Amino acid sequence: MHQGISTMPASHHSENASSAEDTVDLRSDTVTRPTMAMYERIRQAPLGDDGLDGDPSAIELEELAAKQLGKEAGLFVPTCTMANLLAIMAQTRRAEQVLLEQHSHIYNTENGPAILTDVILKPVAGSGGAMDLSLLEEALVFDRGLRSSLICMETSHNSAGGAVLPVSHMAAVQRLAQNHDLKVHVDGARFFNAVTALDESPSRLASYADTVSICLSKGLSAPAGAVLAGPKETIVYARKLRKVLGGTQRQIGILAAAGIEAIEVMQSRLGEDHARATRLSTTISKAQTSLGVSVPQTNIVMIDITRTGRTSGEWVSALAGIGILTRSMSSKVLRCVTHRHLDDADIDRAANGFISLVTGEAWPEPGRNLVESL
Ligand SMILES: *Cc1c(COP(=O)(O)O)cnc(C)c1O
């Protein structure tokens, strides 16, 4: 059906699914398994000691990612969380401020910069994952005596339901940063989803930032890994800091080889995930239930269950009971993420599951522990 798994003899379910045959796993695009082509690259990857004189496959991945993103250099790291942490550590000094959107992954989920660095994280309110530009400017102008040195953006934006920052917004943030002598980092865990949705080139979108992190293990399907790309000097320093954090690995070309396949081949199919997110959203919306369904820009659909009179925890359990796996984003909102192990039939099954539960038809008997019955 699509590159990467098209070479496989069996169905996508038996060959590649991360969960049982009869479940539709919408919890995250991180559940995606390596493709056969990745295993093949892993088997053939030239290896070295990345902490000593270098691993050729890690170097190839770093150069490939840097080139794609139009940056001088790249650094292979175990996770995008570490890439973001290194971006902050390498571009700030003690007691400086980092400005970032209030619902951003770095501010809300990672917490590392707050615990492990001496910088101050200043959340800026906004909507759709984009900081309010006048609030951002105010934070820059009225700085209470502390220097702000870095602005972080996030695209696509996870908690804003996979929203993509408009290019004009990214350009405006960069202008503000340049006017006030700040650096810009983009948390691009799903950067290629944004690139796909905007039909932009990765390097053009990355040109609005000094550094960009990309995650290889989400929709791109590598088993693990991320890359931080940016100016040579910044990456040289980040490489030293990676060692400090314990993120320097040895024959890591084993993982980098899968990352090369992720960037070269897998980004081109992300549009399929976006189309399926739209299919899920549209099918549920058409049924005109009390569910509040987001209109996705990428591969994430947010479903607000407030008007159903049940909590998101109850919804997650009830859905799991009929083989549909989702996650609570708050007590009122569930998140569904599409990825390459789901086909149209899976999406329709998930949509119909939501619809049958909201109409009360399939809602389980009280007291039955669905999570345990999984
Ligand atoms: C998943 C995610 C991360 C962290 O990626 P890991 O590789 O799991 O550490 C960072 N930022 C955003 C926006 C994410 O969605």
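Here are three short exercises with worked solutions on a predicted model and its ligand.

**Exercise 1: the ligand shell**

Task: work out which residues lie closest to the ligand, and how the shell is made up by class.

Solution:
- Start with the head count: 13 residues surround the ligand, and C80, T81, D187, R190 and K218 are the closest.
- Next, check the polar atoms. The side chain of D187 puts an N or O atom 2.7 Å from a nitrogen atom of the ligand. For K218, a side-chain N or O atom sits 2.7 Å from a ligand oxygen atom. R190 has a polar side-chain atom 3.1 Å from an oxygen atom of the ligand.
- Then look at the cover: the ligand exposes 380 Å² when taken alone, and the protein buries 86% of that.
- Now sort the shell by class, which gives 5 charged, 5 polar and 3 nonpolar residues.
- Finally, ask which helices pitch in. Both α4 (80-91) and α5 (105-110) supply at least two shell residues, and α4 gives the most, with 3.

**Exercise 2: α4 against α11**

Task: describe how α4 packs against helix α11 (residues 232-244), starting with the axes and ending with the side chains.

Solution:
- Geometry comes up front: the two axes come within 9 Å and cross at roughly 115°. The crossing of α4 past α11 is right-handed.
- Now for who touches whom. From α4 you get M82, L86, M89, A90 and Q91, and these meet T234, Y237, A238, L241 and R242 of α11.
- Sorting the residues of this contact by class gives 7 nonpolar, 2 polar and 1 charged.
- Put this beside Exercise 1: α4 also contributes 3 residues to the ligand shell.

**Exercise 3: backbone oddities**

Task: find where the cis peptide bond and the positive phi outside glycine turn up.

Solution:
- Recall the background: most peptide bonds are trans, and most residues other than glycine have a negative phi.
- Go to the peptide bond that joins T155 and S156: it is cis, with omega at about -15°. S156 belongs to the loop between β7 (148-154) and α8 (167-179).
- Move on to S221, whose phi is near 80°, a positive value in a residue that isn't glycine. You'll find S221 in the loop between β9 (211-215) and β10 (226-230).

Technical notes
Residues are numbered from 1 along each chain as its sequence is written. This is a predicted model: local features need pLDDT of at least 70, side-chain atom pairs count only at pLDDT 80 or more; totals for chains, interfaces and linings use all residues. Side-chain values use heavy atoms; hydrogens and water are left out. A residue is near a molecule or strand if one of its heavy atoms lies within 4 Å of it. A polar contact is a pair of N or O atoms within 3.5 Å; within protein, one must be able to donate a hydrogen and the other to accept it, and residues adjacent in sequence count only if both atoms are side-chain atoms. Accessible areas come from the Shrake-Rupley method with a 1.4 Å probe; for residues, only the protein chains shown count as cover. Helices (H or I, at least four residues) and strands (E, at least two) are DSSP runs, numbered from the N terminus. Ala, Val, Leu, Ile, Met, Phe, Trp, Tyr, Cys and Pro count as nonpolar, Asp, Glu, Lys and Arg as charged, and the others, Gly among them, as polar. Axes are lines fitted to C-alpha atoms, for helices over the stretch in contact, and angles run from 0 to 180 degrees between N-to-C directions. A crossing is left-handed if the near helix is turned anticlockwise from the far one by less than a right angle, and right-handed if clockwise. Contact means heavy atoms within 4.5 Å.
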